[in-house]
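Take a moment to look over the sequence and turn the structure around. Then follow the paragraphs below from one helix to the rest of the fold.

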Amino acid sequence: MEKIKKFVKTEVKICVAVFIVLLIFFFVFLFANLDFSLFYLSLEIVTFCLLIYLFICWVTFKKKENLQEQVNQLLIENRQLKNTIDIERKDLEEYFLLWVHQIKTPITVSDLILQKEKNPYTCQLKEQMFYIREYTNMAINYMKLKDRQADMDIAEVEIDKLLKTLLRKYSGLFIDKNISLDYQPIDTKIITDAKWATILIEQILANALKYTNSGKITLSFDRDKNALKVKDTGIGIKSEDINKIFDRGYSGFNGRINEKSSGIGLYLVKKIAILLNIKIEVCSTVNVGSEFIICFPKQSYNFVR
């Protein structure tokens, strides 16, 4: 019944128009004193044609309605499926975050044991435990970055504060790997979010330490470019890999050889760089070293929200 009412509403205009035309012809025949048998014949023909037209329109209307019902049903099912997927994804993320936080306890205990017990492999074990902790933190940061809302606090930040915090954190690894540090206070402020900028710099610094077995790491600042430079004397990056190193899951030749790359760290760097309107430049030579140039915005602060 609802379909019939809807159909009548869609075709009422054509019916009214035909009725008005017939009414005009009626008065024409009436005032011109014409033979009304011709009018009745015309009326029958027009009525027959109108009924055929309405029948065709009704068939088309039913097809459209049935198709629209199917589309609406698919939309409902799609929304239900999306809601189910969102719930499952949220459950998975909550479980993953819980697992990551729980695994920190055995990591901490293992660190304490390694500090007490000394053996020929202690340094190597401490290094591997350090990487496990960093991979755990990387996973947490990755989840936070995916689910961020307006989780940014843009302000003037002393870059030396960021660097000194990271250098204290990584000082043990510098010592264990016998890698020297070339760093002089920069005494410069940048406009950024301190937390996310620290995570970005940390990933690049951690990579420099990870792939440098001897030599030094240099931290410097280019005031003209407003850029922090992180240079190492590590294994370097093949030229064909440089354009791909920020892709998620891409470890490259060096990463596969050393079995140290997760393919997530530099992807995280890229996502944070987009978030903070930072440009990353990379220069590298295999077996010579790499230099990452972190260019902070100078005047235009169009941060992604």
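Start with Asn141, which sits in helix α3. The model you are looking at is predicted. Is Asn141 buried or exposed? Its relative accessible area is 12%. Buried means under 20%, so Asn141 counts as buried. Now look for what surrounds this side chain. Leaving out residues up to four places away in sequence, Asn141 touches Trp196, Ile199 and Leu268. Pick Ile199 from that list. Asn141 and Ile199 are 58 residues apart in sequence. In space, their C-alpha atoms are 8.0 Å apart.

Move on to helix α4, where you will find Leu166. Its relative accessibility is 3%, so Leu166 counts as buried under the 20% limit. Which residues does Leu166 touch, not counting those up to four places away in sequence? They are Thr198, Ile201, Glu202 and Leu205. Take Leu205 as an example. Leu166 and Leu205 are 39 residues apart along the chain, and their C-alpha atoms are separated by 8.5 Å.

Ile201 was one of the contacts of Leu166. Turn to Ile201 itself. With residues up to four places away in sequence set aside, Ile201 touches Leu162, Leu163, Leu166, Leu228, Ile294 and Phe296.

That brings us to the nonpolar cores. In soluble globular proteins, nonpolar side chains tend to be buried together. Here, the largest nonpolar core has 53 residues. Which of them have the most contacts inside it? They are Leu200, Ile201, Leu228, Ile280, Phe292 and Ile294. Several elements feed this core. The helices that each supply at least two residues are α3 (122-146), α4 (159-176), α5 (194-210) and α7 (265-276). The strands that do so are β4 (216-222), β5 (227-232), β6 (279-285) and β7 (289-295). The largest share comes from α5, with ten residues. Another core lies apart from this one. It has seven residues, among them Phe7, Val18, Leu50 and Leu54.

Next, look for empty space inside the protein. How many cavities of 30 Å³ or more are there? The count comes to two. Consider the second largest, which has a volume of about 80 Å³. Its lining is made of Phe130, Tyr131, Glu134, Tyr135, Met138, Tyr170, Gln203, Ala206, Asn207 and Lys210. Two elements, α3 and α5, give two or more residues to that lining. Helix α3 gives the most, with five residues. What classes of residue line this second largest cavity? Six are nonpolar, two are polar and two are charged.

Now step out to the loops. Asn178 is found in the loop between α4 and β2 (180-183). Its phi is near 60°, a positive value in a residue other than glycine. Asn178 has a relative accessible area of 66%. Exposed means over 50%, so Asn178 counts as exposed. Asp187 is in the loop between β2 and β3 (189-193). Asp187 is not a glycine either, yet its phi is positive, at about 55°. At 67% relative accessibility, Asp187 is exposed by that 50% limit.

What about cysteines? A search of the whole structure finds zero disulfides. Look at Cys49 and Cys295 in turn. Cys49 has a relative accessible area of 46%, so it falls between the two limits and counts as partly exposed. Cys295 has a relative accessible area of 9%, which means that it is buried.

Finally, stand back and view the whole chain. How many helices and strands are there? The protein chain has seven helices and seven strands. From the N terminus on, they run α-α-α-β-α-β-β-α-β-β-α-α-β-β. The chain has 305 residues, and 37% of them count as buried. Contacts also show how the chain is put together. Take those between residues at least 6 apart in sequence. Of these contacts, 72% join residues at least 24 apart. The pair of Asn141 and Ile199, 58 residues apart in sequence, takes us back to where we began.

How values were computed: Residues are numbered from 1 along each chain as its sequence is written. This is a predicted model: local features need pLDDT of at least 70, side-chain atom pairs count only at pLDDT 80 or more; totals for chains, interfaces and linings use all residues. Side-chain values use heavy atoms; hydrogens and water are left out. A nonpolar core is a set of buried Ala, Val, Leu, Ile, Met, Phe, Trp, Tyr and Cys residues joined through side-chain atoms within 4.5 Å. Buried means under 20% relative accessible area, exposed over 50%, partly exposed in between (1.4 Å probe, protein chains only). Helices (H or I, at least four residues) and strands (E, at least two) are DSSP runs, numbered from the N terminus. Contact means heavy atoms within 4.5 Å. On a 1 Å grid over the protein atoms alone, a cavity is a set of points where a 1.4 Å probe fits but cannot get out, and a pocket is an open set with protein on both sides within 12 Å along at least five of seven lines; lining residues have an atom within 4 Å of a point. Grid points are joined across faces, edges and corners, and a volume is the space filled by probe spheres set on the points. Ala, Val, Leu, Ile, Met, Phe, Trp, Tyr, Cys and Pro count as nonpolar, Asp, Glu, Lys and Arg as charged, and the others, Gly among them, as polar. A disulfide is a pair of cysteine sulfur atoms within 2.5 Å.
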